[in-house]
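Here's a short set of exercises to work through with the model open in your viewer. Try each task before you read its solution.

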Amino acid sequence: MQRRVAVPMGVLAVVLMGSTPIMSSRSRVAAQTRAAASAAPAFQADPFWPKPLPNHWILGSVTGVAVDARDHVWIVHRGLDSLNTRTESGLSTTPPTAEDCCLPAPPVLEFDPAGNLVSHWGGPGQGYDWPATPGGIAIDAKGNVWIAAAGWPEPPAPRGGGAGRAGRTGGAAGGAGGAGAAPAPPPPPARPADAHVLKFSPTGQFLQQLGKPGLTESNASKTSFNRPANLEFDAAANEIYIADGYGNRRVVVVDATTGAYKRHWGAYGAAPEDTAPAAYDPAAPAAKQFRAVTCVTLAKDGMVYVCDRGSNRIQVFDKTGKFVKEASVAKATLSNGSVWDITLSIDPQQRYLFVADGQEHQVLIVDRASLQTIGTIGTGGRIPGRFNAVGSVAMDSKGNLYTGETFEGKRVQKFTPGR
Amino acid sequence: MKKLLIGATFLTAIVGLNLTAGALERQAQNTLVEAPRFEVDPMWPKPMPNGWLLAETIGVGIDARDHVWIVHRSDKLSADEAGAAQNPPTASCCRPAPPVLEFDTDGTLLRSWGGPGQGYDWPISNHGIFVDHKGIVWIGGNGGSNGGKGDGQILKFTQDGKFVAQYGSAQQTQQAASNDTTHFGRVAKIFVDPRANEAYVADGYLNKRVAVIDADTGAFKRYWGAYGNKPDDTNMGAYDPDAPLIQQFRSPVHCADLSVDNLVYVCDRPNNRIQVFTREGKFVKEQQIAKRTGGDGSIWDVAFSKDPQQKYLFVADGKNERIYVLVRETLEVLTNFGDGGRQPGQFFAVHSIVTDSKGNIYTTETYEGRRLQKFVYKGIGKVPRTQGVVWPGK
């Protein structure tokens, strides 16, 4: 606690950077003006959470963050497949090129509220298909851990190639250090597209797999998915909501115990189509279909919030899939889009949505009733409180916000409420 | 009888030692040593304006006012990092900061400049920054591809970014020429000796030498290779930790810094060694660190402690992600701090290191590290041999 007392003013400066007048972006200043008027909640980054990992472990691209009933924070990351063995994980090669550092941490990590690593597991095993690339993570009422398999059928796109949330693998790191640079590692062998979700016990014992890699079927499938990006547990109905995904254009609901298919829907509650909409154009009419469905988040009042990332929009439904409303967020955003993941505030009314915008490298604070953006947290950068491709958000029972950064962010950060 | 008992006890002790050799080794590792202590300041520097980001941050220098100067490769941001700089923009944030940035002691960004301009050749890939006793900012460059054209020049600017001089020509054909006295071979770092007004050039990524030039005219004065040998550009192949040490540097020669007692400390990076010379290039001694390190090697940059004798030498190891603290006189490694990762006090390719007049350390990270970090000097104290991250209160 002592260290937190020592730093808050500085941390505040970091978090509120987006509001300072020297920012040239007119949109951000405007957002902060609204924030002042509507008193959006304030947060401080905690630069010393989590505690350092043991064994010279480092994180790859973080694709999912969730909080369990004990306020433990679970993350899933891509591990070695997102690390550069030449520059980043020199202990991963045979023979190793480094003496001391670094190795990828296991893909699933559990931290206690103090930031201590309390369990770690994951990776290929008997009886299931570990994702080519993991997506989001969710914890159900029994503490079981659900992981979406969001990986790509083709070799990952090059850096900056709009590979989406799944991002790039390590390649040559752009010639820094230059001469004598080893050639880029060969691309990984082609694998079938991930088309499944996995369920494990809290200790990492395999329990169930829904869907099978390569069997993507269609948007009408009741047995398979197509690169599902994320998932959410509904305790009231014992159901799992699946954001399906990078390949499909729908939300799918299954029974959390049996895995049995229950229902699905597309944008506006309509049947999802297999034909992808044209590339996003801010000037064009809103697409009738989802582009990339990267989150599905439930509010206590039964509203279902869906990230249509590629369309820069949030669509809201009831639990049966009946369309309620929608809102554009940062409408001019191109490339991956602005709405990557959503979590809700802990007040009884859940007045706020926290939206990870990994294209803009910030978390948006959105008024849930109006769906208007009323504030922002962070901006681009690698120092505490800033982001590189923030793609995951989760909130604990105390109102602490946790973020996961994918691509080259490769961090989990904690933001505590208050100024 | 008594003798026998003593013998038996001794035998037991020996067996016990053998059984617990690993534990003893670990204990030795954790023995506390007296060394300069540091704590990372996670809030330094302050956020930059304009949505500016750092890319590969490839050099750090300090001026007479303890302002921190860095150089980074602003063209290395990915499209999704620098969304505002794309055409059309993909986001309202962010964009590359100019290549040369000056921070005051509070970490506030002051001046910013750099990039191509009239009368000089900005490096294909800038590398290393030094602010000399006259306030001049020196920049090297290690760009180029084998067989193509590359950086053979050093640049000098005023602190406002006004071009002063260029030594060596740009667009050199990429062939090592370590005995050439007209241009350089992809320079990693420059260090100016205020007493003799000479610049020591770590030359470099193509050449395998230290070159010394007149700091005002750029005139070549002398140069040398490993052990003070005449440099030889023969390809010696990859470093092998089990082979005898070679008689030449392996590119890149990554630093050449002069101490107060006129010794030149040279980073022979892929050979995992520091070689020490007189100012004239007479070999004095050497030390390997983390000798089994492959790839980029372990000796990336050095800096001196700020006591009058410069008792300690700090060595950045961007491969094993830590800073070594050495006794300069003996080159004994006392302790190290840091580890891999993206949090404060952790590193991804810690590339450059410098100390200010208060003894604080500043580091920059290349590749995807892309940070400038400050480690506050906390005086001499007891620390373990391996410290891990140096967080406040830890």
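**Exercise 1: Domains and overall form of chain B**

Task: Find how far apart the C-alpha centres of domain 1 of chain B and domain 2 of chain B lie, then describe the extent of the chain.

Solution:
- Step 1. The two C-alpha centres are 47 Å apart. Keep in mind that this is a predicted model.
- Step 2. Now pick out the pieces behind that distance: domain 1 covers 1-30 and domain 2 covers 31-384 in the domain assignment of chain B.
- Step 3. Draw a box along the principal axes, and the C-alpha atoms of chain B fill roughly 90 × 50 × 40 Å.
- Step 4. Check the radius of gyration. A compact globule of 394 residues would come out near 21 Å, and chain B has 22 Å, so the two agree.
- Step 5. For the secondary structure, count 2 helices and 28 strands in chain B.

**Exercise 2: Two chains side by side**

Task: Put together burial, contacts and surface for chain B and then for chain A.

Solution:
- Step 1. Start with burial: 61% of the 394 residues of chain B count as buried. For chain A, the figure is 62% of 419 residues.
- Step 2. Look at contacts with a separation of 6 or more. In chain B, 54% of them are between residues 24 or more positions apart; in chain A, that share is 55%.
- Step 3. Go on to the surface. Chain B exposes about 14700 Å², with 53% of it supplied by carbon and sulfur atoms. Chain A exposes about 14700 Å² too, and there carbon and sulfur atoms supply 58%.
- Step 4. Add the secondary structure of chain A, which comes to 3 helices and 26 strands.
- Step 5. Finish with the charges of chain B: there are 44 positive and 43 negative ones, and their mean positions are 4 Å apart.

**Exercise 3: A valine and its contacts**

Task: Is B:Val68 buried or exposed, and which residues is it in contact with?

Solution:
- Step 1. Locate B:Val68 in strand β4 of chain B.
- Step 2. Its relative accessibility is 0%; the cut-off for buried is under 20%, so B:Val68 counts as buried.
- Step 3. List the contacts, leaving aside neighbours within four places in sequence. B:Val68 touches B:Trp44, B:Val60, B:Gly61, B:Ile62, B:Leu101, B:Glu102, B:Phe103, B:Tyr362 and B:Leu372.
- Step 4. Try a sequence-versus-space check: B:Val68 and B:Val354 are 286 residues apart in sequence, while their C-alpha atoms are 8.9 Å apart.

**Exercise 4: Two buried asparagines**

Task: Work out where B:Asn336 and B:Asn142 are found, and how much of each is accessible.

Solution:
- Step 1. B:Asn336 belongs to strand β25 of chain B, residues 332-337.
- Step 2. With a relative accessible area of 7%, B:Asn336 is buried.
- Step 3. Beyond its neighbours within four places in sequence, B:Asn336 has contacts that include B:Arg322, B:Ile323 and B:Tyr324, and also B:Arg385, B:Thr386, B:Gln387 and B:Gly388.
- Step 4. B:Asn142, by contrast, is in a loop of chain B, between β9 (137-141) and β10 (149-150). At 2% relative accessibility, B:Asn142 counts as buried.
- Step 5. Pair B:Asn142 with B:Asn229: the two are 87 residues apart in sequence and 23 Å apart in space, C-alpha to C-alpha.

**Exercise 5: Backbone geometry worth a look**

Task: Which peptide bonds are cis, and which residues other than glycine have a positive phi?

Solution:
- Step 1. Read omega from B:Cys93 to B:Cys94. It's near 10°, and the bond is cis. B:Cys94 has its place in the loop between β4 (68-73) and β5 (95-96) of chain B.
- Step 2. Do likewise for B:Asp203 and B:Gly204, where omega is about 5° and the bond is cis. B:Gly204 is in the loop between β15 (198-203) and β16 (209-214).
- Step 3. Switch to phi. B:Asn272 has a positive value near 55°. This asparagine is found in the loop between β19 (263-268) and β20 (273-278), and B:Asn272 is buried at a relative accessible area of 0%.
- Step 4. B:Arg370 isn't a glycine, yet its phi is about 60°. Look for B:Arg370 in the loop between β27 (361-365) and β28 (372-384). With a relative accessible area of 3%, B:Arg370 is buried.

Methods. Residues numbered from 1 in each chain as written. Chains lettered and ligands numbered in written order. Predicted model: local features only at pLDDT ≥ 70, side-chain atom pairs only at ≥ 80, totals over all residues. Heavy atoms only, no water. Helix = DSSP H or I, 4+ residues; strand = E, 2+ residues; numbered from the N terminus. Rg over C-alpha atoms; globule rule 2.2 N^0.38 Å. Buried < 20%, exposed > 50% of the residue type's maximum accessible area, 1.4 Å probe, protein only. Contact = heavy atoms within 4.5 Å. Areas by Shrake-Rupley, 256 points an atom, 1.4 Å probe, with all protein chains shown as cover. Lys, Arg positive; Asp, Glu negative; His and termini not counted. Charge placed at Lys NZ, Arg CZ, Asp CG, Glu CD. Domains from an automatic or database assignment.
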